[in-house]
Amino acid sequence: MRSLSLAVVFLMGAGLSALVPASAAEPPRTSNGVVDRPTTERYVFVPIEKGALRLDTKTGEVSRCEGMGEGAVCRLVADERLAYQEEIEALSQRLDRLEGKLESLTARPSSPPASERDNESMTSEEQEKLDRFFSLSDQVMRRFFGMVEDLKRDFNDDRL
């Protein structure tokens, strides 16, 4: 009955609660013991151990109220829903930015690989010069590695 009186104190105001008997102001309850109040009230109070929960029916904020009479203090309960909404907003903005970047990247015309571009733009004479260059490069590399092998053999045979 004490928790019900606390709810009455919050509903009626600190100064008027002493004038109203607790049994006369007892609100109807649902089957699970929660106070059943019309939703036209701005605040709904639910008695809990050592205080009451205050629900703001307009904003959905929940506060935990402690104390009696004029010394009652209500503190906003941490709202995980608000934190989730902020995270969803931040992720939505990030998604919008990434989708914009993706669109700008896919809007550019794709170019063929460099090897295909080079072969398509070369004349037959340029292609012959390129083939001759690779052939000479191959001969130079083979000669160089042959010299390295000869040096290794000479070093192992202690001829150097």
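This report looks at the disulfide and the sheet of a predicted model.

**The disulfide**

If you are planning to look at the cysteines, start with Cys65 and Cys74, which are joined by a disulfide with an S to S distance of 2.0 Å. The structure holds one disulfide. The torsion about the S-S bond is about 110°, so the link between Cys65 and Cys74 is right-handed.

How buried or exposed are Cys65 and Cys74? Cys65 has a relative accessibility of 0%, and because buried means under 20%, this cysteine counts as buried. Cys74 has a relative accessible area of 29%, so Cys74 is partly exposed. Here are the two cysteines side by side:

| Residue | Relative accessible area | Class |
|---|---|---|
| Cys65 | 0% | buried |
| Cys74 | 29% | partly exposed |

**The sheet**

Now for the strands. Four of them make up an open sheet, and its order is β1-β2-β3-β4 with antiparallel pairing. Which strands lie at the edges? They are β1, covering 43-48, and β4, covering 73-76, and each of these pairs on one side only. From one strand to the next, the twist averages 25°.

A friendly place to trace the pairing by eye is the start of the sheet order. There, β1 runs antiparallel to β2 (residues 51-56), and six bridges connect the two strands. Within this pair, Tyr43 stands opposite Asp56 of β2.

Terms used:
Residues numbered from 1 in each chain as written. Predicted model: local features only at pLDDT ≥ 70, side-chain atom pairs only at ≥ 80, totals over all residues. Heavy atoms only, no water. Disulfide = S-S within 2.5 Å. Buried < 20%, exposed > 50% of the residue type's maximum accessible area, 1.4 Å probe, protein only. Pairing = 2+ DSSP bridges. Helix = DSSP H or I, 4+ residues; strand = E, 2+ residues; numbered from the N terminus. Axes fitted to C-alpha atoms, helices over the stretch in contact; angles between N-to-C directions.
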